[in-house]
Amino acid sequence: MRPRLCRRDLLRLLSAGAAGALGWGDVAAAHAAHLRKRGKACILLWMNGGPSQFETFSPLEGHANGGETKAIATNVAGIRIAEHWPEMAKVADRLAIVRSMTSKEGSHPRATYLMHTGYLPNPSARHPTLGSIVASQLAARDGGETADLPPVVRIGGRGRGDSGAGLLGMQWDPFELRAATQNPANTRPQVEPKRHLERLALMERLEGGFAARLPEEAADHKSLYRRATRMILSPDMQAFDLDAEPAEVREEYGAGDFAAGCLLARRLVEHGVSFVEVVANGWDTHDDNFSRVAKLAGQVDRPCAALLRDLDRRGMLADTLVIWMGEFGRSPRVNPRAGRDHFPRSFNAVLAGGGVQGGRVIGRTDAAGVEVVDRPVTVPDLFATFCRSMTIDPTVENMAPTGRPIRLVDGGEAVEALF
Amino acid sequence: METPRRLLCVCLIAAGMAAAAAAAPAERCDDATFLRRASLDLIGRQPTPAEIDAFAADQDPAKRSATVDRLLADPAWATTWARYFRDVILYRRTDDRAALMSRPLEEYLTERLAADARWDEIARGFITAAGSPAEHGETAIIMAQMGETSDIAAEVSRIFLGIQIQCAQCHNHFTDRWKRTEFHEFAAFFPRIAIRRADGLGPERFEVVSHDFEPRARKGRRKPPVDNPRRGDLEHEMPDLEDPSRPGSVMQPRFFLTGQSLPLGTSDLERRGAIADWITADDNTWFSRALVNRLWAELVGAGFYRGIDDIGPDREVESPAILDDLAMAFVASGHDLRALFRTIMTGDAYQRAARSRSSPDRAGFAANCPQRLRSDQIFTQVLAAVGVDESRLVGPGGQPRRGAGLPPEMRDNPPEEMPAGGRRQFNVPRAMFSQVFGYDPSLPREEIVGSIPQALLLMNSQPLARAIDGDRRFTALGRLLAEERDDREVVAQLYLRSLARRPTPDEVATCLDHVRTSPSRADGFEDVFWALINSAEFVNRN
């Protein structure tokens with residue numbers, strides 16, 4: 001077992017004056033203010049690969065395109081969802097189901113970028129991902145204050161492909177966690193905490209000559225090491241410890257990586273993280289769609305519903321927007337391998353919390369599930385809706401390196417019927 | 001050696017002019033700083049303790065230019081700059097599958113640079129590329145944009161001309177002279193590039209081909225891309241802004257800088273051959289200026305223009321006379337890359353002491369400017385400091401060896417859709433390290449700041465902690481402590497290993513003081529080693 005710093009150790013260190021005398025005490029002491037006033041937050045449940053709308057929240061009853069999937073009733077009269085989602089059916093009164101999402105992008109990487117940033121990829125600008133937008137805007141409102149933990153966390157993602165903070169700068173890049181059950185990389189000092197602080201102090205003393213010659217570079221470095229140290233010595237690090245959660249809560253979320261991710265998302269938001277993305281892989285069901293989606297839903301349904309209930313119980317749902325979506329939907333026509341192919345023309349997304357009124361359905365498609373026939377929601381519309389929920393101004397502009405202003409959201413109109 | 005000498009004269013004059021413009025130029029940097037700077041810049045690593053001692057002992061007044069020559073002749077020069085240009089291209093990829101190109105591209109560029117390929121030849125190779133990406137690294141710009149006509153045009157202009165013409169894609173440029181039609185006429189050199197996709201998963205499943213015959217996309221097999229709904233046509237069309245669903249205007253290929261044009265109907269390879277000729281022509285000053293500005297920015301620390309790849313006739317330029325002289329000399333040398341490095345690095349501006357990036361007394365190239373090291377440089381440097389050979393980290397076939405002890409985030413999976421063969425190139429420790437430390441080298445350098453995961457890796461990574469363990473006999477520190485009884489000399493050796501210089505008397509005193517108050521000699525020196533590897537000096541080239 002590697003050394004681990006807890007609050008008690010810290011207090012002991014501080015009272016012994018060790019850290020203080022070494023100049024790093026203020027870093028540790030800064031935790032007094034560690035509680036970022038818990039405000040708005042957002043959790044994105046990302047269904048990587050493009051989930052089938054028909055086997056999730058837009059079942060197609062009475063048409064051959066619906067395939068073998070049956071619909072079930074929910075706790076809201078008139079709203080029916082696919083049979084694989086019995087737990088979500090019990091919390092449908094918190095859900096806003098958008099059945100009229102529409103885009104034109106059907107390639108995984110490009111659509112993933114589009115649904116994370118609101119923009120199509122373009123070599124001249126790296127658009128910031130939704131998490132970086134939300135976190136930086138919320139921080140700007142709080143006078144630049146962020147929590148001890150990184151403001152944006154992505155759980156179960158696969159590297160940087162989904163885009164990062166882009167032109168907002170590296171400090172808003174998602175902090176990547178391979179799995180919720182595994183400690184975040186390199187966050188435990190390899191030596192006793194006291195010695196760790198002494199090392200930092202030694203580093204700073206040895207840095208004197210460099211700092212005299214290059215004050216700016218030295219100051220940047222110092223600030224970075226202070227932020228990193230503040231994070232790993234923060235009592236908020238206990239948010240990563242899922243074992244601290246009562247057994248009945250863990251039981252409610254269920255088993256598996258995605259369930260652990262949802263539970264961790266709630267803990268992180270409680271500890272001041274502004275945006276958490278939890279990734280569920282495997283939705284690219286070109287073959288054997290029906291049994292594969294049933295199995296995937298078996299891993300996702302329960303934790304999603306548990307997350308909403310849990311947030312609600314803790315009084316956090318009103319301020320926390322939860323988004324369930326993937327990069328596109330799947331073809332109404334079932335292919336010869338019992339699969340469904342990519343289909344951006346009409347698909348779905350689900351929103352809950354963050355001021356969004358539950359128990360509603362927005363938009364619909366024709367009976368064959370092909371064309372959107374009521375209230376089409378474009379990707380910019382959806383992003384404008386996220387902004388409305390987070391009370392962020394979507395017209396705020398950031399500068400691309402070429403000096404071109406880029407709006408947070410490229411036009412679009414929030415779906416007012418959701419609020 | 002006629003040309004380089006000529007270049008050198010030009011540069012000395014140029015540097016003199018720069019000095020005149022600046023209020024108070026910084027003094028010439030000391031020998032140790034110069035050697036570390038030049039070694040990192042040219043061969044991507046710090047000098048070894050033996051190289052440092054030899055350089056210090058060398059009494060030859062011309063030893064700096066001799067060192068530049070020696071480093072330019074080192075095979076690592078080609079590798080270092082191949083990796084640099086690999087990043088220039090691949091950091092702007094709009095399709096993550098292009099990450100599969102990483103290794104073929106690096107190998108291609110290494111081979112070309114080692115073979116003394118001229119910059120115009122390299123540019124031509126990228127612009128006219130065809131074939132399988134696995135065997136033709138020069139298809140990287142096309143692959144990075146997955147064959148999208150407008151994006152390829154934008155990247156060719158950005159990388160080889162330093163002109164961000166794509167800003168005129170949707171409207172006439174606000175601040176520059178370029179008209180919307182000029183962008184689309186330029187894009188009209190590239191509409192016939194197609195990427196054929198075969199079964200399979202690695203880079204070998206793609207092929208860059210010419211699409212010179214109708215009809216292809218008309219059969220409705222391919223979904224036309226949103227930004228150019230008529231791709232698959234033989235001619236590029238400028239979309240109708242009022243109604244993008246209507247057919248656009250067919251554009252004739254025409255080069256916005258010179259007005260040279262081709263008739264509609266010209267074949268793909270003829271089009272690309274012609275635009276390659278016109279872009280790389282000796283009298284196209286933007287081709288030479290773009291590279292001179294880029295290398296000057298990398299080596300002196302800041303470019304003649306604010307943006308490293310955003311230059312052009314409507315951009316503010318500093319010391320234009322030096323830029324023009326260098327660009328002309330570069331053309332006269334036959335676009336000789338090594339000669340350009342030599343010219344810049346033997347000049348005064350390069351050899352001045354460093355001053356902070358935003359410091360006002362750096363204006364007019366009065367000082368060199370510190371650069372945050374690129375991922376490849378830091379990785380090489382970490383291994384060298386702790387005395388681990390990279391080949392020991394990588395088993396046959398590029399797989400990390402068991403027990404190589406990578407930090408967990410360095411075992412990160414590459415993006416989805418990566419087959420086993422393609423994944424392999426991401427699993428090598430160097431590539432995984434770059435997922436934490438990499439940055440786009442075309443970004444303004446003031447935006448490149450360290451990230452928390454970077455600091456955490458250097459502070460807390462378990463393998464690194466093991467590698468600096470002073471109690472183990474097989475670590476560099478363990479051996480040093482066993483063989484060297486003189487603590488002052490241990491301090492000196494740790495400084496040479498990690499910062500490529502000897503410590504000052506104050507630094508020695510601080511270190512010895514720390515060691516004395518530590519529970520053990522090994523612990524004390526571990527702390528010193530840790531502090532040096534985590535210092536700002538370690539990750540910056542000053």
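The points below describe a sheet in chain A, domain and helix contacts in chain B, and the interface between the two chains of this predicted model.

1. The sheet of chain A. Chain A holds an open sheet of 8 strands with mixed pairing, in the order β6-β5-β7-β1-β8-β11-β4-β12. Its edges are formed by β6 (175–177) and β12 (360–362) of chain A, each of which pairs on one side only. On average, neighbouring strands of this sheet are turned by 15° against each other, direction ignored.

2. A parallel pair within the sheet. Strand β1 (residues 41–47) of chain A is joined to strand β7 (residues 275–280) of chain A over 6 bridges, and the two run in the parallel sense. Among the residues involved, Cys42(A) has Phe275(A) of β7(A) as its bridge partner.

3. A helix across the sheet. Helix α11 (residues 257–270) of chain A lies across four of the strands, namely β1, β5 (152–155), β7 and β8 (320–326) of chain A. With respect to β7(A), helix α11 of chain A runs at about 180°.

4. Domains of chain B. Three domains are assigned in chain B. Domain 1 is made of the segments 2–73, 281–355 and 365–369, domain 2 spans 77–277, and domain 3 spans 375–541. Where domains 1 and 3 of chain B touch, 13 residues come from domain 1 and 11 residues from domain 3.

5. The domain 1 side of that contact. Two elements, α2 (31–43) and α3 (49–57) of chain B, give two or more residues to the side of domain 1 that touches domain 3. The largest share, 4 residues, comes from α2(B). By class, this side of domain 1 of chain B has 6 nonpolar, 3 polar and 4 charged residues.

6. Helices α4 and α14 of chain B. Helix α4 (residues 63–72) of chain B packs on helix α14 (residues 337–345) of chain B at an angle of about 155°, and their axes are 10 Å apart. Because the angle is about 155°, α4(B) is roughly antiparallel to α14(B). The crossing of α4(B) past α14(B) is right-handed. From α4(B), the residues Val68(B), Asp69(B) and Leu72(B) meet Arg338(B), Phe341(B), Arg342(B) and Met345(B) of α14(B). This contact of α4(B) with α14(B) has 4 nonpolar and 3 charged residues, with no polar residues.

7. Helices α12 and α13 of chain B. The axes of helix α12 (residues 285–299) and helix α13 (residues 320–332) of chain B cross at roughly 110° and come within 9 Å. The helices α12(B) and α13(B) are therefore roughly perpendicular to each other. On the α12(B) side, the residues are Thr285(B), Ser288(B), Arg289(B), Val292(B) and Asn293(B); they meet Leu323(B), Leu326(B), Ala327(B), Phe330(B) and Val331(B) in α13(B). By class, the contact of α12(B) with α13(B) has 6 nonpolar, 3 polar and 1 charged residues.

8. The interface between the chains. Contacts link 61 residues of chain B with 51 residues of chain A. On the side of chain B, the elements that give two or more residues are α9 (149–161), α20 (452–460), α21 (462–467), α24 (505–516), α25 (521–533) and α26 (536–539) of chain B. The most, 7 residues, comes from α20(B). By class, the side of chain B that touches chain A has 22 nonpolar, 22 polar and 17 charged residues.

How values were computed: Residues numbered from 1 in each chain as written. Chains lettered and ligands numbered in written order. Predicted model: local features only at pLDDT ≥ 70, side-chain atom pairs only at ≥ 80, totals over all residues. Pairing = 2+ DSSP bridges. Axes fitted to C-alpha atoms, helices over the stretch in contact; angles between N-to-C directions. Contact = placed C-beta atoms within 7 Å. Domains from an automatic or database assignment. Nonpolar A, V, L, I, M, F, W, Y, C, P; charged D, E, K, R; others polar. Parallel < 35°, antiparallel > 145°, perpendicular 65-115°, else oblique. Left-handed = near helix turned anticlockwise from the far one by under 90°.
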